[in-house]
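Student: Could you walk me through the empty spaces and one helix contact of this model? I'm new to it.

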Amino acid sequence: MFDLNRLRALRAVATHGSVTGAAAALGYTPSAISQQIAKLERETGSELLDRQGGKVELTPAAWLLAEATDEVVAVLERARSRLEEQRDQPTGRLVLAAFPTACRGFTTAALAGLARHHQALDCRLVESDPNRAISLVVRGEADLAVVHDWHNTPLALPASLSVAELGEDIADVALPEGHPLADRDVVTPYDLREERWIGQGPGAMCHEWLVRSFSGLGVEPDIAYQIEEYESQVSLLAAGLGVTLLPRLGRGALPPTVRVVPMQPAPSRRLSAVWRSQADRRPAIHATLAALRGHWPISKPLHPTRGAE
């Protein structure tokens with residue numbers, strides 16, 4: 001029998017194209033991944049990595065094992081689902097991936113509820129942006145993910161995943177106090193066409209939303225400050241360095257020097273939960289979905305000139 005952890009390490013190298021990428025995805029050091037592959041080579045009696053010129057290529061034997069690993073993991077997951085069904089209760093380990101504002105907004109409360117009501121279920125949380133979270137689920141490194149897509153930037157989901165909608169999150173424009181638009185009832189993309197933006201960098205869904213929102217005006221938004229975390233964006237915003245878009249989900253109290261104004265058309269993102277379809281019958285998945293839906297926040301009315309809701 002081959003060691004499953006070593007097979008997972010090989011599959012990660014195949015997925016990410018390098019030992020370093022596999023190590024980052026699995027949370028190990030590159031040395032640890034190399035050791036796992038070396039042990040697997042001894043177990044199989046086959047050379048699995050072709051190391052030449054500083055590059056690593058998988059051998060035909062390695063690709064065969066990587067494909068077989070997917071099949072093994074799928075069989076084990078179906079067996080786990082059936083065992084949980086027999087017990088008729090959520091058990092075992094469940095890894096949930098969620099992006100930062102979802103963690104703050106409702107997934108933390110959902111996990112706390114699961115811990116109280118299902119003590120045989122060992123829940124773990126990984127903070128991750130939607131694109132990476134989907135990859136984690138596909139590879140079996142997470143069981144469930146909370147993801148989002150904007151109204152004009154749909155999220156591409158692999159056919160192997162099931163999806164359930166959780167709710168809709170509206171975003172508002174945030175401006176420094178004293179900005180000419182800070183006392184408006186609403187603003188439009190046209191009003192903001194010449195602003196300096198604080199936002200996420202290329203590759204992030206919020207970045208794509210911003211670019212597409214202005215494409216109809218023939219304008220490319222000036223994203224002067226590329227900041228991933230909303231709290232860091234707020235610090236630049238409070239210093240008067242630009243404007244930004246703040247979702248209502250997970251938004252805490254803002255500094256008194258910050259104003260939020262609704263935008264028209266209202267930008268919104270749809271939040272969904274995704275999991276591998278082969279785990280559809282697993283009670284832990286259904287319990288986690290119920291907890292997420294049960295703790296979905298009800299949006300409060302927005303006061304257009306106040307920093308906090």
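Below, a student asks and a tutor answers.

Student: Before we start, what kind of model is this?

Tutor: Residues are numbered from 1 along each chain as its sequence is written, and side-chain values use heavy atoms, with hydrogens and water left out. Local features need pLDDT of at least 70, side-chain atom pairs count only at pLDDT 80 or more, and totals for chains, interfaces and linings use all residues, since the model is predicted.

Student: How many cavities of 30 Å³ or more are there?

Tutor: Take a 1 Å grid over the protein atoms alone: a cavity is a set of points where a 1.4 Å probe fits but cannot get out, and lining residues have an atom within 4 Å of a point. Points are joined across faces, edges and corners, and a volume is the space filled by probe spheres set on them. By this rule, the count is two.

Student: Which element gives the most residues to the lining of the largest cavity?

Tutor: This cavity has a volume of about 110 Å³, and Ile198, Gly199, Gln200, Cys206 and Leu245 are the nearest to its centre among 14 lining residues. Strand 7 (196–199), helix 7 (205–215), helix 8 (230–238) and strand 9 (244–247) each give two or more; helices (H or I, at least four residues) and strands (E, at least two) are DSSP runs, numbered from the N terminus. With four residues, the top contributor is helix 7.

Student: How many charged residues line the second largest cavity?

Tutor: That cavity has a volume of about 50 Å³, and its lining is Arg8, Arg11, Ala12, Thr15, Leu26, Arg139 and Glu141. Ala, Val, Leu, Ile, Met, Phe, Trp, Tyr, Cys and Pro count as nonpolar, Asp, Glu, Lys and Arg as charged, and the others, Gly among them, as polar. The lining therefore splits into two nonpolar, one polar and, for the charged class, four.

Student: And the pockets: which helix gives the most to the lining of the largest one?

Tutor: A pocket is an open set of points with protein on both sides within 12 Å along at least five of seven lines. The largest has a volume of about 650 Å³, and of its 24 lining residues, Arg8, Val95, Gly140, Glu141 and Ala142 are closest to its centre. By class the lining has 11 nonpolar, four polar and nine charged residues. With four residues, the one that gives the most is helix 4.

Student: What is the volume of the second largest pocket?

Tutor: Its lining has 17 residues, with Pro100, Asp129, Pro130, Gln200 and Glu228 closest to the centre. Helix 5, helix 6 and helix 7 each supply at least two of them. The space in this pocket is about 300 Å³.

Student: Is helix 5 parallel or oblique to helix 9?

Tutor: Helix 5 (residues 100–117) and helix 9 (residues 283–294) pack with axes 8 Å apart, at about 130°. Axes are lines fitted to C-alpha atoms, for helices over the stretch in contact, and angles run from 0 to 180 degrees between N-to-C directions. Angles under 35 degrees count as roughly parallel, over 145 as roughly antiparallel, 65 to 115 as roughly perpendicular and the rest as oblique. So helix 5 is, relative to helix 9, oblique.
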